[in-house]
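Open the model in your viewer and keep the selection tool at hand. The tour goes from one strand and its partners to a pair of helices.

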Amino acid sequence: MTGAVGRPDAIVPGIGFGPAALVIDRVETLALRAPLGRRYQGSAYSMDKRCTVVTRLSTTDGLTSEVYTGDTDAEQALIIGIIHDELAPSVIGRSATDPEGAWRAMEPSTNDILRDRGLALQAIASVDSAIWDLFGRALGLPLHRVWGSVTDTLPISVIGGYYHLEGDDLRETMASHVAAGFGGVKFKVGGRTPQEDAARVRAAREALGPDVALMIDANQGYDRAAAVELGRLVADLGIRWFEEPCRWTNDRRWMRDVRYQTGIPVCAGQSETTLHGIRDLIVDGAIDVSNFDASWSGGPTVWRKAAGLAAAFGVELGHHEEPQVASHLLASVPDHAFVECFDEDRDPFFWRLTDMATRIADGRYRLPERPGFGIELDRAYVEAHTVDRRVTDRRSVE
């Protein structure tokens with residue numbers, strides 16, 4: 001055994017890769033929060049902070065995962081509490097060679113009828129992602145290769161067009177996205193009348209030019225009639241897709257109507273936190289593109305099942321935000337769309353927490369070849385933005 005990087009026997013000498021390997025004995029979380037320079041306004045929401053949770057699982061073999069997931073602010077402490085009080089006792093002592101078994105062990109945390117189940121699923125997603133990171137690190141492979149790479153690069157889009165942008169500021173910002181090397185822009189709509197939003201979309205298209213993909217995202221801001229009206233007003237602009245066009249109260253049926261009546265592909269799924277939720281969107285013919293989010297729905301273990309479901313119905317696969325995880329998932333499936341990120345002002349973590357932003361060129365994102373998710377955090381930046389640290393180890397749960 002040489003201890004060469006990338007060889008499993010360098011990670012777990014004398015044990016191999018069986019159930020006695022990669023036994024989890026410590027769970028650590030770091031809650032990160034960074035103030036933004038302004039409040040960002042979408043159709044019916046706004047935010048002025050970027051938050052995430054770094055999850056580190058350590059094993060008896062000496063491996064430690066390092067991932068970050070999520071962007072929840074007000075409920076961040078609740079999610080971390082679920083990780084340590086409910087999930088850690090379920091996974092400590094288990095092997096990271098069995099992600100599916102660990103997921104099933106964590107699933108009972110979703111059964112509390114007095115609590116938003118989405119919080120438990122976000123907590124599970126943090127731990128599930130960390131378990132997969134351990135798995136990839138033990139194999140010495142990036143997870144996109146573990147899951148079966150179809151590509152080393154992905155088209156990348158940037159999320160923008162927030163409502164503080166008007167006139168020349170809007171056009172200059174769109175042009176800056178092109179200059180930064182993005183292949184597409186997802187543009188915010190849904191907060192004004194269809195006529196006003198159509199004018200903003202038209203200005204964005206003029207600034208972007210014809211070769212950059214333009215998606216519009218209403219964040220469930222319209223009723224059916226308004227969504228159809230906007231779709232018809234921008235029908236000549238080559239819209240790649242219309243994301244979450246309709247309000248949640250009747251979205252599946254209304255989105256199907258938007259597809260049929262505008263001819264613009266519809267994207268949704270991020271607001272579904274369960275496998276059966278995305279199933280119903282697909283089966284009901286509501287979407288052309290799924291942007292089901294692993295960080296909201298229980299992690300890569302669930303997302304990969306949703307990917308198989310989408311493939312069976314010919315639905316294209318995207319992912320809502322979270323490029324540090326989403327890129328590996330999307331690169332492992334043939335029918336992938338864009339991996340997406342924010343610009344530096346909206347998401348300083350993408351640009352400063354890791355080296356991910358250095359991987360963008362000519363409209364594409366180059367995946368890392370480091371093991372696991374390939375995340376290497378800037379320690380000083382993490383330290384400067386950590387607002388809470390918590391550890392649970394084997395002694396704590398025995």
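**Stop one: a strand and its partners**

Start with P155: it stands opposite R364 in strand β13. This is a predicted model.

Now select all of β4, residues 153–160. Is this strand enclosed or open? Seven of its eight residues are buried, meaning under 20% relative accessible area, so β4 is largely enclosed by the rest of the structure.

Add β13, residues 364–366. It runs antiparallel to β4, and three bridges join the two strands.

Next, add β11, residues 339–342. Here the pairing with β4 is parallel, over four bridges. Zoom in on I159 to find F342 of β11 opposite.

Then select β5, residues 184–188. β5 also runs parallel to β4, joined by four bridges. Look at S157, with G184 of β5 standing opposite. To trace the connection, show helix α6, residues 167–179: the chain leaves β4, passes through α6 and arrives at β5. This β-α-β crossover is right-handed.

**Stop two: two helices**

Select α7, residues 194–208, together with α8, residues 224–233. At what angle do they pack? The angle is about 35°, and the axes lie 9 Å apart. Rotate the view to check the handedness: α7 and α8 cross in the right-handed sense.

Finally, show side chains at the contact. From α7, pick P194, Q195, D197, A198 and R202. They meet A226, E229, L230 and L233 of α8. Color by class, and this contact shows five nonpolar, one polar and three charged residues.

Key: Residues are numbered from 1 along each chain as its sequence is written. This is a predicted model: local features need pLDDT of at least 70, side-chain atom pairs count only at pLDDT 80 or more; totals for chains, interfaces and linings use all residues. Side-chain values use heavy atoms; hydrogens and water are left out. Buried means under 20% relative accessible area, exposed over 50%, partly exposed in between (1.4 Å probe, protein chains only). Two strands pair if DSSP finds at least two bridges between them. A crossover is right-handed if, with the strands pointing away from the viewer, the path from the first strand over the helix to the second runs clockwise. Axes are lines fitted to C-alpha atoms, for helices over the stretch in contact, and angles run from 0 to 180 degrees between N-to-C directions. A crossing is left-handed if the near helix is turned anticlockwise from the far one by less than a right angle, and right-handed if clockwise. Contact means heavy atoms within 4.5 Å. Ala, Val, Leu, Ile, Met, Phe, Trp, Tyr, Cys and Pro count as nonpolar, Asp, Glu, Lys and Arg as charged, and the others, Gly among them, as polar.
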